[in-house]
Amino acid sequence: MPAATPDPASQANSKPQSRRTSWAEAAAAADAAKPSTTVPAPTRRPASAGFVEPTITTAITGEAGEALPETPSFRRARPTVAETIAGSPMPDFISSPGLFVKEQKPRPVGGVRGAIYAMTGGSWNLGPGSKQRQEDELAKRISRQLQGSYNTAVLSLKGGIGKTSTTVGVGLTLAEYRGDAPCAIDANPDSGDLVERALGEGLYQQSSPRTISDLLENIDSVDSLTSLARYMHHAGRLHLIAGEQDPEVSDSLTAEEYLRIRKLISNYYSVALTDCGTGVTHNAMSGILQSADNLVIAAGYAVSGAKRARSTLHWLASHGYAELARNAIVVITDKDEVSSRVDKDAIEEHLSGICRELIAVPHDRGVADGDLVTLDVLKPETKRAYKEIAAAIVDGYR
């Protein structure tokens with residue numbers, strides 16, 4: 001009889017099944033025994049979404065028709081650094097530094113807000129009040145960065161109404177708030193006292209008696225700020241060029257000579273003030289007006305002072321300086337503390353419509369005495385007026 005061939009299937013059934021040590025081994029054994037069908041996994045969401053859909057792999061048939069159990073897999077998708085950068089907008093560290101630093105309120109100075117700030121050690125910061133905000137805004141306008149050099153002429157048709165004191169007070173204010181030192185030039189043909197008002201008579205007499213005439217005589221050798229400083233005086237950060245004190249030569253400054261001085265000053269100073277003296281027809285005046293970027297017209301509360309200021313503006317407008325007249329700043333100084341009979345409002349109204357801005361300087365002994373002008377001894381109202389004038393001057397530099 002032919003030898004019987006053992007049935008592999010029955011032989012397999014008769015053998016004890018070996019223990020599967022892992023799901024991977026079971027899947028491998030099923031694949032070797034019979035082709036298997038795999039259920040397609042659902043479409044996965046992008047990794048940036050955070051989770052991946054469960055992947056279910058099922059062997060439909062195995063040994064003896066036994067189906068292998070499903071193996072769901074839940075895992076956290078961990079995006080790579082590149083995927084994180086590409087999928088999320090990143091803040092701009094350079095152009096937006098404020099995204100990482102909390103904005104700090106300005107510190108209040110004085111008043112109830114300042115007292116609360118001091119008492120709480122800065123824990124309660126209510127910010128500055130309206131008055132301080134106005135002062136800060138004036139300081140911001142004065143300190144505005146400028147491109148180039150600018151010149152403001154301070155003039156009047158009548159003497160003794162605050163022209164030189166305004167030049168000094170505004171010059172000192174500019175020096176206090178600006179990052180660059182301003183320069184003031186005494187171009188008064190009548191032995192001007194600009195430097196005496198800024199330094200005091202005693203200190204000026206002790207200093208080197210260099211004047212604008214000395215500078216003109218040696219101007220070709222001045223090629224640096226150091227060499228220019230030999231011909232200047234200093235009231236703090238305000239640098240000054242003294243006027244000629246000899247009456248016989250004080251009126252000899254010509255328009256061409258002034259323009260040479262102005263050109264030299266423009267190399268080293270962004271802001272210059274020129275005290276023009278009384279009148280608008282002396283020799284240097286055409287050069288001063290030609291190089292001026294704006295004007296300050298000094299006036300007083302006396303009826304005659306107001307009329308002369310108005311006449312000055314009309315003269316400028318009719319002699320080719322209409323733009324300067326239109327943008328002029330009229331400063332009314334209550335130097336002599338006029339009586340209540342004078343209608344100050346009427347005088348201000350008389351002048352306000354023909355200029356860019358009108359600013360009143362209150363009566364102050366620190367200005368009226370005709371001696372040294374320092375900001376430390378002036379009334380707060382006077383210092384505020386000089387700040388307003390300085391801000392208006394810088395506003396006019398376009």
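Biologist: How many cavities of 30 Å³ or more does a search of the whole structure find?

Modeller: The search finds two of them. Do keep in mind that this is a predicted model. The second largest cavity has a volume of about 30 Å³.

Biologist: What makes that space a cavity rather than a pocket?

Modeller: A cavity is a set of points where a 1.4 Å probe fits but cannot get out, whereas a pocket is an open set. The second largest cavity is lined by residues including Ser-156, Leu-157, Lys-158, Ile-297, Arg-308 and Thr-312.

Biologist: Which elements give two or more residues to the lining of the second largest cavity?

Modeller: Those are strand β6, residues 294–300, and helix α13, residues 303–318. The largest share, four residues, comes from α13.

Biologist: What classes of residue make up the lining of the second largest cavity?

Modeller: There are six nonpolar, three polar and two charged residues. Lys-158 and Arg-308 are in the lining, and Lys and Arg count as charged.

Biologist: Let's stay with α13. How do you know that its span is close to the one expected?

Modeller: Helix α13 has 16 residues, and at 1.5 Å a residue the expected span is 22 Å. From first C-alpha to last, α13 reaches 23 Å, which is close to that value.

Biologist: Which residues of α13 are buried?

Modeller: They are Gly-305, Ala-306, Ala-309, Thr-312, Leu-313 and Leu-316.

Biologist: Why do you say that the buried residues of α13 line one face of the helix?

Modeller: Look down the axis of α13: the buried residues fall within an arc of 115 degrees, so they line one face. The face turned away from that buried side carries the exposed residues Val-303, Lys-307 and Ser-318.

Biologist: What do the buried residues of α13 pack against?

Modeller: Their partners are strands β1, β6 and β7, together with helices α12, α14 and α15. Just after α13, Gly-320 takes a positive phi of about 90 degrees.

Biologist: You mentioned α12. Why is Gly-287, which lies in that helix, called buried?

Modeller: Buried means under 20% relative accessible area. Gly-287 has a value of 0%, so Gly-287 counts as buried. Leaving aside neighbours within four places in sequence, Gly-287 is in contact with Ala-255, Tyr-258 and Leu-259.

Biologist: And Ile-359, in strand β8: why does this residue count as buried?

Modeller: The relative accessibility of Ile-359 is 3%, under the 20% cut-off, so Ile-359 is buried too. Beyond neighbours within four places in sequence, Ile-359 has contacts that include Ile-329, Val-330, Ala-385, Ile-389 and Ala-392.

Biologist: Where do Ala-385, Ile-389 and Ala-392 sit, and are they buried or exposed?

Modeller: Those three residues are in α17, and they are among its buried residues, as are Thr-382 and Tyr-386.

Biologist: How do you know that the length of α17 agrees with the expected span?

Modeller: Helix α17 has 16 residues, which at 1.5 Å a residue should span 22 Å, and its end C-alpha atoms are 22 Å apart, so the two agree.

Biologist: To finish, what can you tell me about the whole chain, its helices and strands?

Modeller: The chain has 17 helices and eight strands. Of its 398 residues, 40% count as buried. Among contacts between residues at least 6 apart in sequence, 75% join residues at least 24 apart.

Conventions. Residues numbered from 1 in each chain as written. Predicted model: local features only at pLDDT ≥ 70, side-chain atom pairs only at ≥ 80, totals over all residues. Heavy atoms only, no water. 1 Å grid on protein atoms, 1.4 Å probe; cavity = no way out; pocket = protein on both sides within 12 Å on 5 of 7 lines; lining within 4 Å. Points joined across faces, edges and corners; volume = space filled by probe spheres on them. Expected span 1.5 Å × (residues − 1). Buried < 20%, exposed > 50% of the residue type's maximum accessible area, 1.4 Å probe, protein only. Arc of directions from axis to C-beta. Contact = heavy atoms within 4.5 Å.
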